[in-house]
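I opened the model with a short list of things to look up. My notes follow in the order in which I checked them.

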Amino acid sequence: MAEETLLTDDCVRQLINVGEVDILIGLPTHNNSRTIQTVIRAIQTGILKCFPRERAAIFNVDGGSQDGTPELVTSSSIDDVWRASKVFALRTLHAISTTYGRAPEPCTALRTILAAADLLQAKTCVVISPDSTAIEPDWVQRLVRPVYDDKFDLVCPIYRRHKFEGALMQNLLYPMTRSIYGSRVREPYASEFALSGRLAADFLANDVWNQEWGKMGIELALTITALAGKYRVCQSYLGIKAQSGRAANDLVAVMRRTAGALFGSLDGNYAFWSGISGSEPVPTLGTQPEALVKLVRVNRKRLREMFATGVAHLEPVLRSIVSPETLTALQRIATLGINEFDYPAEVWSKTVYEFAAAYHKSVINRDHIIQALVPLYRGRSLTFVLENRDDSGEKVEKREESLCGEFERLKPYLLGIWPDRK
Amino acid sequence: MVLKRETSWYKDATIYQVHVRSFSDANGDGIGDFPGLAQKLSYVQALGVNAIWLMPFFPSPLRDDGYDISDYRAVHPSYGTLDDFKRFLSIAHERGIRVIIEMVLNHTSDQHPWFQESRSSQNNPKRDWYVWSDTDSKYRGTRIIFLDTEMSNWAWDPISKSYYWHRFFSHQPDLNYDNPAVREEMWNVMKFWLELGIDGFRLDAVPYLIEREGTSCENLPETHAIIRDLRKRVDEQFPGVMLLAEANQWPADLRPYFGEGDEFHMAFHFPLMPRMFMGLRLEDRKPITEILQQTPQIPGSCQWCLFLRNHDELTLEMVTDVERDYMYDIYARDKGMRLNLGIRRRLAPLLDNDRRRIELMNGMLMSLPGTPILYYGDEIGMGDNIYLGDRNGVRTPMQWSGGWNGGFSTADPESLYSPPILNPVYGYQAVNVSSQERTPHSLLSWMKHIIEVRRSSTVFGSGSIEFLYPANHRILAYVRQFGKETVLVVNNLSSAAQAVELDLRRYKGNILIEMFGRNVFPRIGDAPYLLTMGPYQFFWFRLRRI
């Protein structure tokens, strides 16, 4: 029933014109006029090159752009692709757009995309971030093929990053998702992914849309739903993920959407995740690229200060969240100078688990719990930078594996402090 | 009887393509003939067509189904005599059916006396009637057309110990049109048939008449000059006779064959045909609208010739590689269905014998700008036999009844020129004229009806076309207009029901009258005109302001 309320009459009219499709590419946007044409061109080229016979459409779901983003989508022409890259189109490739509100809501955007995919009986639904300016046409194939040809239900991306990029993913989201849900999905919170029509329809009917954690981090909810539902999940190497400046500058908001959603996911899935120990690799398609080599400036001094200040100022809050042993360890770490600074994997893993348990118990306002985690994460980030400063990608990967092992080893600890345990 | 010499009769015509050999055998020798064809003209007339196009019926060794002519002024003895032809022509005219015959200008059979003389010695007076060379390295930029059988456009002649030029099979040497004697003699050949009263020529393989070094040897200016000269002679001496070009070229390359209205009257639109099949299978109008957008305007007196199938393979020369691969995968999965750069199948099997798709394709054929040509047997949904060599699988005997040899011949079945189609789906016992004439809802009855409806309006033959581009790409819609008459055509290319909104505001106030049932549809207003269409359904609406 979701689509009946989600899709406007105008949207339905456009979808009628598109008709049944094999591939639906969803583009959630909000004021992306600077980047959207690059992304659209890459998608169009990717479809025409790799799926010339398939029925495909681009579906823009806009959160009230003021900069003409939807108009740029609907005015994009495949004739331009022909002129630019001499890729011939057998079929009509629709690019349609609908607006759902005046502010971006990722949850509503994805729901609208999935409702359209369901209505159009899309075999594969792909979501692509509108600010992925480094996107290449080949991404479309790498996301679509595993679903379309190999019958996977969810394709998560693996990006080519600099070793210091994606620190939140590497230090928290990946290790914890892996230990909790038992699958080694490197980017469980992705802005590019593909899903089967079956998963799209099932996820659309899922109650997660109405749950707080689902609203906060719907992309993570999708991954977790797929893992918990025993859908076939795989990963596909894409390319360089352009970093969104907006996201990096608002770490609290990012933590809310990611860590908050991950913690929230534990509430209702206890029966599932509590029985999992260890983790299994998921099929990974494509060739692993070399890590990016570029100059990434990290203000280590500021990270240390923010950590130390946070630990000091938030002591009363932290006392209600973490164990006395962890608090003592944090306070000790806060005294370390920049050269000897070390927030060890074990302490970090325990910290995260204690935050997750506190979040579940709502010992204080949940938002305050996430805010309290931010300075601690900065401390862990500093250790991450210091540890990996001079190391190759291979060594960084080994250290990442070790951190994940620590999360998995300490999972019984989480179960021990979890109030629902039997 | 001589039909009225209307100079543009071909614009509103519906043409029926027939092979004498395949249509009806009157003398019981297993091969169709002119007396048999003459007997069946009542059927052709009842079908509603007003012109018949005969494939080559001249004396020939028949190594290319008659396109290898060995005598231009006679009838192949298997098909009857010249008197038989004259009788057939007379009856056809009495029934209001014009007759178009084939004229293979480009080449002859290697058995033609001209070639025999030409090869006999380098000093023979007819030596220059063909294109000879001491080497096989001239005209290297010229493509080979029959890729499956020919390695080169040159063939070694062991008698005169030199190479001769051939664009088609090596047993079909090209005539040398740089030689004025050849040009004059070919005009005399045409004049011979024109004086008997035929109404038009389909001129075979016209782009290849002239060869020049450093070119593709196709569409050369000298070729156009020859055609202009022939046209001038025809207009002066035989007004009302139509010249139809067989030139498998892109529309832009075809356009010069119309000249300023002083070359061909008509030309086949080869690139459109495969795209109709493609659009149907893709359920997308894009291939069709694109090629028609690329089709240049032609002089008012000229006309395109449209067809779905003919005696040749469904040619895929005028498509891109991506399109060709798609067509092969969709319409010719069995490699035995492929020949040269094409697909050797009939209409009904190509469309999986789906009556709705057959009707839709014929609906488009009859309503797009041009003169439609129907290939014999397709009006009853005949099948093909891909196990017969070359293109013979689509040239099997016409299926008249469920009786002996399908009513084609009284000969022993073993002596027929070709085995008839026998399989349970397309065989003559299942698919034949006799049974379909008895059924008002048969394909044959439906074909008669659509031809009749098409003939009720000159808009289809002479009208302009304007495409509507509704957002639903599965709908191909266009407005045909001629004088005060306007017809809206809406085709659903999809296998599923579709809703479509048409912007018809410029026709506001008109009501729509569906041309097949004459039912009235709502008046056009300011709002988009909503139509719901069944799978593969099409509508022809006459717009009337009442």
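How many residues does the contact take from chain A and from chain B? I work from a predicted model here. I find 10 residues on chain A and 12 residues on chain B in the contact. I then sorted the side of chain A that touches chain B by class: 4 residues are nonpolar, 4 are polar and 2 are charged.

**Entry: chain A overall**

I looked up the secondary structure of chain A and noted 21 helices and 10 strands. The radius of gyration of chain A is 22 Å, close to the 22 Å from the globule rule for 422 residues, so chain A is as compact as a globular protein of that length. I read the span of its C-alpha trace along the principal axes as about 65 × 45 × 40 Å. Buried residues come to 50% of the 422 residues of chain A. I also took the contacts in chain A with a separation of 6 or more, and 86% of them are between residues 24 or more positions apart.

**Entry: chain B overall**

I repeated the lookup for chain B, which has 16 helices and 22 strands. Chain B has a radius of gyration of 23 Å, which agrees with the value near 24 Å for a compact globule of 546 residues. I noted a C-alpha trace that spans about 80 × 55 × 50 Å along its principal axes. In chain B, 52% of the 546 residues are buried. Of the chain B contacts between residues at least 6 apart in sequence, 68% join residues at least 24 apart.

I checked the domain assignment of chain B next, and it gives domain 1 (113-165) and domain 2 (463-544). I find their C-alpha centres 55 Å apart.

**Entry: nonpolar cores**

Which residues have the most contacts inside the largest nonpolar core? I list B:Ile52, B:Ile100, B:Leu244 and B:Ala267, in a core of 161 residues. Helix 9 (residues 272-282) of chain B gives the most to this core, namely 7 residues. I also see that domain 1 and domain 2 of chain B each supply at least three residues to this core.

I followed B:Leu244 further, leaving aside neighbours within four places in sequence. Its contacts include B:Ile100 and B:Ala267, and also B:Gly200, B:Phe201, B:Arg202, B:Leu203 and B:Cys305. Another core, of 125 residues, lies apart from the largest one; I noted A:Ala117, A:Tyr181, A:Val185 and A:Phe355 among its residues.

**Entry: the open sheet of chain B**

I traced an open sheet of 6 strands in chain B, with the order 15-16-17-22-19-20 and antiparallel pairing. Why is one side of strand 15 and of strand 20 left without a neighbour in the sheet? I see that strand 15 (464-468) and strand 20 (520-521) of chain B stand at the edges and each have a single partner strand, so one side of each has no neighbour there.

I went through the pairs. Strand 15 of chain B runs antiparallel to strand 16 (residues 475-482) of chain B, and 5 bridges join them. In this pair I find B:Phe467 opposite B:Tyr478. Strand 17 and strand 22 (residues 538-544) of chain B are antiparallel over 5 bridges. Strand 19 (residues 511-514) of chain B pairs with strand 22 in the antiparallel sense over 4 bridges. I noted B:Arg542 in strand 22 twice: it is the bridge partner of B:Val487, and B:Ile513 stands opposite B:Arg542.

**Entry: strands 18 and 21 of chain B**

I find strand 18 (residues 498-502) of chain B paired antiparallel with strand 21 of chain B over 5 bridges. B:Ala499 stands opposite B:Thr532 in strand 21.

Which side chains of strand 21 (residues 529-533) of chain B are buried? I see an alternation: B:Tyr529, B:Leu531 and B:Met533 point to one face and are buried, while B:Leu530 and B:Thr532 point to the other face and are not.

Last, I looked up B:Ala496, which sits in the loop between strand 17 (485-492) and strand 18 of chain B. I count B:Ala496 as partly exposed because it has 13 C-beta neighbours inside 10 Å. B:Ala496 and B:Met533 are 37 residues apart in sequence, and I read 8.6 Å between them in space, C-alpha to C-alpha.

Conventions
Residues are numbered from 1 along each chain as its sequence is written. Chains are lettered from A and ligands numbered from 1 in the order in which they are written. This is a predicted model: local features need pLDDT of at least 70, side-chain atom pairs count only at pLDDT 80 or more; totals for chains, interfaces and linings use all residues. Two residues are in contact if their C-beta atoms, placed from the backbone, lie within 7 Å. Ala, Val, Leu, Ile, Met, Phe, Trp, Tyr, Cys and Pro count as nonpolar, Asp, Glu, Lys and Arg as charged, and the others, Gly among them, as polar. A nonpolar core is a set of buried Ala, Val, Leu, Ile, Met, Phe, Trp, Tyr and Cys residues joined through C-beta atoms within 7 Å. A residue is buried if 20 or more other C-beta atoms lie within 10 Å of its own, exposed if 12 or fewer, and partly exposed in between; C-beta atoms are placed from the backbone. Helices (H or I, at least four residues) and strands (E, at least two) are DSSP runs, numbered from the N terminus. Domain bounds come from an automatic or database domain assignment. Two strands pair if DSSP finds at least two bridges between them. The radius of gyration is taken over C-alpha atoms; the globule rule is 2.2 Å times the number of residues to the power 0.38.
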